[in-house]
Number of protein chains: 2
Amino acid sequence: MAATKIIGIDLGGTTVKFGILTTAGEIQDQWAIETNILDDGSHIVPDIIASILHRVELYKLDLADFVGIGMGSPGSVNLETGSVTGAYNLNWKTTVEVGKEISAATGLPFFIDNDANVAALGERWMGAGENQPDVVFVTLGTGVGGGIIAGGQLIHGVSNAGGEIGHIVVVPENGFECTCGSKGCLETVASATGVVRVARQLAEEWEGNSAIHQQIDDGEQVTSKDIFVAAEAGDTFALSVVDKVSFYLGLACGNLGNTLNPDSIVIGGGVSAAGEFLRARVEKYFLQFTFPTVKKTTKIKLATLGNDAGIVGAASLVLERNK
Amino acid sequence: MAATKIIGIDLGGTTVKFGILTTAGEIQDQWAIETNILDDGSHIVPDIIASILHRVELYKLDLADFVGIGMGSPGSVNLETGSVTGAYNLNWKTTVEVGKEISAATGLPFFIDNDANVAALGERWMGAGENQPDVVFVTLGTGVGGGIIAGGQLIHGVSNAGGEIGHIVVVPENGFECTCGSKGCLETVASATGVVRVARQLAEEWEGNSAIHQQIDDGEQVTSKDIFVAAEAGDTFALSVVDKVSFYLGLACGNLGNTLNPDSIVIGGGVSAAGEFLRARVEKYFLQFTFPTVKKTTKIKLATLGNDAGIVGAASLVLERNK
């Protein structure tokens, strides 16, 4: 009988998430283990292998039932060899042969890509992307990441740096410094810390009644979530912050639209928990910055898979590459 | 014997250029005919067919020697049916079945794409792109156009508007109005007329000795070429204009780099006749706006094929699609 299942793995600094999916994208089982980063992260791959073998036995499955294993990983991945380099949040200081070890232990084909690209594949396949060939995914979290699927394939570029949406420059003059060395990157104004940074900047010139503005002036700790909650409750200062962040996101999404004309640009990650409140504002600016065909055909959407995007996308990687 | 030649056609509003190329990309013969746009452009396709048949006979070739025919066309092209809609500079007011007619008359497979995409394919195959799988082409002429090749394929997007680099917004606030309805598009500041527009804007606030500035103040007609010539001769006002245009181009190219990480971004078209003088300045800003991996791996280059990019790219289209 032909293999009909896929194992998707989402490797993160805190947990490793696993899923057993059908080739149609249905999650049949999912579980997670703690990421043990002790001893230079040398336990991680053996733990992953043991967990797979254990679950396959537990569910009375056979490795022959599986088409392959896909994984999203932090760090710099090598698509050909399946190795990972410089994944510092895993304590991996050198190159780790993730693919070779997992393939050897399971006898299954193994495919890997970076976590943002894999999440993009997940949202594209079973999430808001509706399995269209052209989908851009933007994730707003502690940083801003993303992935681009164009013409049905992930865009990697010449050195695997394609899809670095967080480093699109949206403030070309007098922008905030970014960890990448540039200034004015989207990440500096639309990540969780970026939203707060925009708030602090706008606070300097703002006058009026606002509880959240008062908190900032008083030197209290304020989070991006606090700002969105206040904005939804009608705080005019918080609304001006959300508007500014939406302007930057709308500009970046607009130029992604003008460049790639995807079916949709899907916004996910923690900051996107603000939901339709944020989406509608980003869309307003997106429509301001796009030319007619793109306005009409590229949609701004919210991600729908949440934390499952990683395992779903990892499974999708197997279908995409195992040809 | 297997077919080893390709016909590439570059359909323009003034002339139709033809090339007979080998499958290795060598131009063996090339010629051109006038584009007869009379009678709603109804002579154009028959003229093209007659010219092909005539040349094949003249060179004592056989249609069986050809793999197929490729064409770059203005207007909105349908990749599946080979038809063209709304090519107003050809006087084509409705949909014209270019592909069906040419295929029927020659018995050869026919492939079409829009002229900017086809020029991008040409520069990528035999020009500055060095046949890399990831190349972006930007053409600076009366407008600003372009094409994106990523992962070895042209990016079309959901509604064939991918690669509209001229409509990347580089002046998000207080930008010039664009013909597309947006404001601040790259085309408004980096096309031939855009360069002059930037000059007129900067002229208002500029003081000093400059012949070209004087010409503008005197209401004389000034072209983008005049400005580049003056800048190369050391005119400080003209240099400030070139610097500003390079800033916008560097920002757009930088964000294309951050998004797609191509091997190269190739600049062509009339304005790029300014050559290394312009390229070096665009590169300076490109390096300012990109993150480290892109700085190191994405190159800014000048186009090398000139007017031949169209026929070469049209031939390349046949190799790409005829599978």
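A residue counts as buried if 20 or more other C-beta atoms lie within 10 Å of its own, as exposed if 12 or fewer do, and as partly exposed in between, with C-beta atoms placed from the backbone. This is a predicted model: local features need pLDDT of at least 70, side-chain atom pairs count only at pLDDT 80 or more, and totals for chains, interfaces and linings use all residues. Residues are numbered from 1 along each chain as its sequence is written, while chains are lettered from A and ligands numbered from 1 in the order in which they are written.

**Loop with positive phi**

Helices (H or I, at least four residues) and strands (E, at least two) are DSSP runs, numbered from the N terminus. A:Glu130 lies in the loop between helix 4 and strand 9 (135-140) of chain A. A:Asn131 lies in the loop between helix 4 and strand 9 of chain A as well. Neither A:Glu130 nor A:Asn131 is a glycine, yet each has a positive phi. The table lists the values.

| Residue | Phi | Other C-beta atoms within 10 Å | Exposure |
|---|---|---|---|
| A:Glu130 | about 50° | 16 | partly exposed |
| A:Asn131 | near 55° | 13 | partly exposed |

**Domains**

Domain bounds come from an automatic or database domain assignment. In chain A, domain 1 covers 5-121 + 308-321 and domain 2 covers 130-304. The C-alpha centres of these two domains of chain A are 29 Å apart. Their contact takes eight residues from domain 1 of chain A and 11 residues from domain 2 of chain A; two residues are in contact if their C-beta atoms, placed from the backbone, lie within 7 Å. On the side of domain 1 of chain A that touches domain 2 of chain A, helix 4 (residues 115-126) of chain A gives the most, with five residues. That side of domain 1 of chain A divides into five nonpolar, two polar and one charged. Here Ala, Val, Leu, Ile, Met, Phe, Trp, Tyr, Cys and Pro count as nonpolar, Asp, Glu, Lys and Arg as charged, and the others, Gly among them, as polar.

**Strands**

Two strands pair if DSSP finds at least two bridges between them. Strand 2 (residues 15-22) and strand 3 (residues 27-34) of chain A run antiparallel and are joined by seven bridges. A:Val16 has A:Ile33 in strand 3 of chain A as its bridge partner. Strands 2 and 3 of chain A form a hairpin with four residues between them, and A:Gly25 in the turn has a positive phi of about 95°.

An open sheet of three strands in chain A has the order 5-6-7, with antiparallel pairing. Strand 5 (76-77) and strand 7 (95-96) of chain A are its edge strands, each pairing on one side only. Two bridges join strand 5 of chain A to strand 6 (residues 84-85) of chain A. A:Ser76 stands opposite A:Thr85 in strand 6 of chain A.

**Core**

A nonpolar core is a set of buried Ala, Val, Leu, Ile, Met, Phe, Trp, Tyr and Cys residues joined through C-beta atoms within 7 Å. The largest has 196 residues, and A:Ile227 and B:Ile227 have the most contacts inside it. Leaving out residues up to four places away in sequence, A:Ile227 touches A:Val195, A:Ala199, A:Ile212, A:Val222, A:Ala238, A:Val241 and A:Val242.

**Symmetry**

Copies are superposed by least squares on the C-alpha atoms of residues with pLDDT of at least 70 in both. Chain A falls on chain B after a rotation of 180° with 0.0 Å of shift along its axis (RMSD 0.0 Å). The two copies are therefore related as by a two-fold rotation axis. In chain A, the C-alpha nearest the axis belongs to A:Ala150, 4.1 Å from it. Both copies use the same surface: 100% of the contact residues of chain A recur in chain B.
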